[in-house]
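Dear colleague,

I am passing on the structure we spoke of, so that you can go through it at your own pace. Please have it open while you read the notes below.

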Amino acid sequence: TVYEGDNQISSQQLNSLADRVSLGLLPSSVPGWPLAVRALKKTGGTIHVHENVHENILSSWIEETILKFQNMFLECKKPMKITAMHLEKVKSYAPRVYHVVLDLLCEETK
């Protein structure tokens with residue numbers, strides 16, 4: 001099921017129902033991260049994080065993003081093991097800045 005429109009408005013109906021969340025918001029998907037965490041099932045799934053990132057900080061951005069998602073899941077009482085499955089450089093957004101998609105595998109920890 002695709003939930004179109006501003007999901008911040010309809011966020012109550014999106015709790016723990018998604019196997020996959022695409023955060024295709026630019027120039028930054030950060031405002032949608034907490035909603036993605038709430039929407040993902042307690043058993044886990046995949047989150048596709050779109051973001052514009054400078055090439056000099058790409059590696060550290062991946063690590064920081066994983067840590068931020070782990071902390072958000074803990075705050076929601078849904079502890080997850082987060083693994084970066086794939087990073088795709090989609091296109092150049094500005095000089096040395098790329099629109100990237102980071103695929104995060106989120107697995108329930110027991």
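The notes that follow go through the sheet, the core, an aromatic pair and a few single residues.

Please keep in mind throughout that this is a predicted model.

The sheet

The sheet is an open one, built from 4 strands in the order β1-β2-β4-β3, and its pairing is mixed. Because β1 and β3 stand at the edges with a single partner strand each, one side of each of them is left without a neighbour in the sheet. From one strand to the next, the twist averages 15°.

Two of the pairings can be described in more detail. β3 and β4 run antiparallel to each other and are joined over 12 bridges, while β2 and β4 are likewise paired in the antiparallel sense, over 11 bridges. On the β3–β4 side, alanine 94 has valine 97 in β4 as its bridge partner, lysine 89 is bridged to valine 100 of β4, and alanine 84 stands opposite leucine 104 in β4. Leucine 104 in β4 also has isoleucine 47 standing opposite.

β3 and β4 form a hairpin that leaves 2 residues between the strands, and in the turn arginine 96 has a positive phi of about 65°. Also in this part of the chain, lysine 89 lies over the face of tyrosine 98, at 4.7 Å from the ring centre.

The helix across the sheet and the core

Helix α2 lies across β1, β2, β3 and β4, and the direction in which α2 runs is at about 135° to β3. In soluble globular proteins, nonpolar side chains tend to be buried together. In this model the largest nonpolar core has 26 residues, and those with the most contacts inside it are Ile47, Val49, Phe69 and Phe73. Two or more residues are given to this core by each of β1 (20-23), α1, β2 (44-54), α2, β3 (80-94) and β4 (97-108), and the largest share, 7 residues, comes from α2.

Phenylalanine 73 is worth selecting in your viewer: leaving aside its neighbours within four places in sequence, phenylalanine 73 is in contact with Val37, Leu40, Ile47, Lys78, Pro79, Met80, Ile82 and Cys106.

The aromatic pair

How many aromatic pairs does the model contain? The count comes to 1 aromatic pair, formed by tryptophan 33 and phenylalanine 69, whose rings are 4.8 Å apart centre to centre and tilted, with 35° between the planes. Since tryptophan 33 lies in helix α1 (residues 33-39) and phenylalanine 69 in helix α2 (residues 58-75), the pair ties together parts that are 36 residues apart in sequence. Tryptophan 33 and phenylalanine 69 are both buried.

Two buried residues of β2

Threonine 46 has its place in strand β2 and is buried, with a relative accessible area of 10%. Its contacts, leaving aside neighbours within four places in sequence, are with Asp19, Arg20, Val21, Leu40, Met85, Leu104 and Leu105.

Glutamate 51 is also found in strand β2, and is it buried or exposed? At 8% relative accessibility, glutamate 51 counts as buried, because the cut-off for that class is under 20%. Beyond its neighbours within four places in sequence, glutamate 51 is in contact with Leu26, Pro27, Ser28, Ser29, Val30, Trp33, Trp61, Tyr98, His99 and Val100. Should you want a distance for orientation, the C-alpha atoms of glutamate 51 and alanine 84, which are 33 residues apart along the chain, are separated by 14 Å.

Positive phi values

Most residues other than glycine have a negative phi, and two further residues deserve a look on that account. Serine 16, which is not a glycine, has a positive phi of about 50°; serine 16 is found in the segment before β1 and, at 30% relative accessibility, counts as partly exposed. Lysine 77 has a phi near 60°, again a positive value in a residue other than glycine; lysine 77 lies in the loop between α2 and β3 and is exposed, with a relative accessible area of 71%.

With best regards

Terms used. Residues are numbered from 1 along each chain as its sequence is written. This is a predicted model: local features need pLDDT of at least 70, side-chain atom pairs count only at pLDDT 80 or more; totals for chains, interfaces and linings use all residues. Side-chain values use heavy atoms; hydrogens and water are left out. Rings of Phe, Tyr and Trp (its six-membered ring) pair if their centres lie within 6.5 Å; planes under 30 degrees apart count as stacked, over 60 as edge-to-face and the rest as tilted. Buried means under 20% relative accessible area, exposed over 50%, partly exposed in between (1.4 Å probe, protein chains only). A charge sits over a ring if NZ of Lys or CZ of Arg is within 6 Å of the ring centre and within 35 degrees of the ring normal. A nonpolar core is a set of buried Ala, Val, Leu, Ile, Met, Phe, Trp, Tyr and Cys residues joined through side-chain atoms within 4.5 Å. Contact means heavy atoms within 4.5 Å. Two strands pair if DSSP finds at least two bridges between them. Axes are lines fitted to C-alpha atoms, for helices over the stretch in contact, and angles run from 0 to 180 degrees between N-to-C directions.
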